[in-house]
Amino acid sequence: MEAVTKAWSHVRGNLRRSAGQRLFDQWLKPVVLIDGSTSEAVRLGLPSSFMTQWVKNHYSERMLLEFRAVLPDVVSVTIETMADEPKRVLKAGPEAVPAVLPQGERPTFDPRFTFERFVVDSANRVAFNAAKAAAQPGMPQFSPLYLHAGTGQGKTHLMHALGHAFLEANPEATAIYVTAERFMFEFVQALRNKDTHAFKTRLRSVDLLMIDDLQFIGGKDATQEEFFHTVNEFMSSGKRLVIAADRAPQALEGFEPRLAGRLGSGLVADIKPAELELRRAIVVRKLEDMPAVDMPDEVIDLLAARITSNVRELEGALNRLVAYANLSNETITIDFAVATLGEVLRNAQRRITIDEIQRAVSSHFEVKQIDLISERRAVAIARPRQIAMYLAKRLTTRSLPEIGRKFGNRDHSTVIHAVRRIEELRGKDVEIDGAVRTLMRSLEG
């Protein structure tokens, strides 16, 4: 049990760094290690079924990988609701989510999440500009502002950035930032205490109200009714209302049509999944905050190309790589990155085959695919063949001997030579580097 306890402490630290303080405090901090956990079967507990389901959906696989990185024998990590353990529920409960702020109090927004630190490109430019406009003094141009995107694409970052900018431009203003789950909890508590007037007054008296993760009140009729009236109040009074969810208003499940229609009556701005160039720019931006970290371009390319699920996972992989390098006093190289993030890279990667790579390379260089596996040694054939081997090593989980067999039963040492040669050429040959980048973008799709 002692080894599992130490491993849990390490895993919690990694989760805090990768998830960010707000998300960690809200969902992951209440997680506790349950007595009886072993180095093969870890049991984690949460105080409510709602939180249990959320953590399962978003972090069960990640927790298993984190535990296995410390305890290789771990087979399973189960996440349970501890309804029969009131002391633990009582202990974890208040930490689960921040309370709604009293009237007039100014929230503390995450200092890392500002407009200056948000990396912008075509995937998120509309949402970024809309959030900046919503933070400007005077009557808001639109209300509500509705941001939607998949998990980890930057919605919460923009909301915190908006809050920072709005309070800086309006020193006397008041604001509330709250999750929809907390909104629901506070409303239910007010109903039980027969004090809904105070609840309504507290929310509707502020100048800026921001509600995150709205999808979680789907199917909660009473909460939606109160939320509907709150939306109407803010719209009629010309105040700022900002909402974030994982899908567009009309696609929300379990929502009344009139509420979905009201949410869509302002400005609806989506954030599309980050493409390769944006993912790379985000890694570069994060590294600017780590001046002591020396990370080669090929490792940056590896992270950007292989961690495609969402930006949060990308940042988590970067933080993990840097932390492991510091703890082990190792230099960050491509081999160290693959060894450290192997499981993460394999799970995040779209399954690209060597056949796909060969087709893409032959098309790009206008050579026959069969030439790539032939014995021909002309530079016009050999160089594309080396690039294809390099890409096979970078973009697939195939071993060196497997890659060699796919290229005309060549020895694994030939593959190693090809990989090293292309790495060398990328550093001094602009055309080779450009071709590799183009092919990687095409294959990652």
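User: Which residues does isoleucine 357 touch, not counting residues up to four places away in sequence?

Analyst: Isoleucine 357 touches Ile352, Ala388, Leu391, Ala392, Leu395, Thr396 and Leu443, where a contact means heavy atoms within 4.5 Å. This is a predicted model, so local features need pLDDT of at least 70 and side-chain atom pairs 80 or more, while totals for chains, interfaces and linings use all residues. Residues are numbered from 1 along each chain as its sequence is written, and side-chain values use heavy atoms, with hydrogens and water left out.

User: Is Ile357 part of something bigger, and what else is in there?

Analyst: Ile357 is one of the residues with the most contacts inside the largest nonpolar core, along with Val361, Ile387, Leu391, Leu395, Val436 and Leu443. That core has 30 residues. A nonpolar core here is a set of buried Ala, Val, Leu, Ile, Met, Phe, Trp, Tyr and Cys residues joined through side-chain atoms within 4.5 Å.

User: Which elements give two or more residues to this core?

Analyst: Those are helices H12 (297-306), H15 (354-365), H16 (379-395), H18 (412-426) and H19 (430-444). H16 gives the largest share, eight residues. Helices (H or I, at least four residues) and strands (E, at least two) are DSSP runs numbered from the N terminus.

User: And which domains does the core draw on?

Analyst: At least three of its residues come from each of domain 3 (276-348) and domain 4 (354-444). The bounds come from an automatic or database domain assignment, which also gives domain 1 (1-81) and domain 2 (115-270). The C-alpha centres of domain 2 and domain 4 lie 49 Å apart.

User: What does UniProt say about residues 353-422?

Analyst: An unreviewed UniProt entry annotates them as "domain: Chromosomal replication initiator DnaA C-terminal". UniProt positions are in the numbering used here, feature names are shortened, and annotations may be inferred rather than shown by experiment. In the model this span is 67% helix and 0% strand, and its end C-alpha atoms lie 20 Å apart.

User: OK, new topic. Which residues are listed for "binding site"?

Analyst: The unreviewed UniProt entry lists Gly152, Gly154, Lys155 and Thr156. Glycine 152 sits in the loop between strand S4 (145-148) and helix H6 (155-169), and glycine 154 is in the loop between S4 and H6 too.

User: Is glycine 152 buried or exposed?

Analyst: Glycine 152 counts as buried because its relative accessibility is 7%. Buried means under 20% relative accessible area, exposed over 50%, and partly exposed in between (1.4 Å probe, protein chains only). Glycine 154 is buried as well, at 18%.

User: What do those two touch, leaving out residues up to four places away?

Analyst: Glycine 152 touches Asn310, Val311 and Arg312. For glycine 154, the partners are Phe118 and Ile271.

User: Any backbone oddities?

Analyst: The peptide bond from serine 143 to proline 144 is cis, with omega near 5 degrees. Proline 144 lies in the loop between helix H5 (125-134) and S4. Aspartate 213 has a positive phi, near 55 degrees, and so does asparagine 329.

User: Where are aspartate 213 and asparagine 329?

Analyst: Aspartate 213 is in the loop between strand S6 (208-212) and helix H9 (221-237), and it is buried at 13%. Asparagine 329 is in the loop between helix H13 (311-328) and helix H14 (334-348), and it is exposed at 72%.

User: Last one: how many helices and strands are there?

Analyst: The protein has 19 helices and eight strands. Of its 445 residues, 51% are buried.
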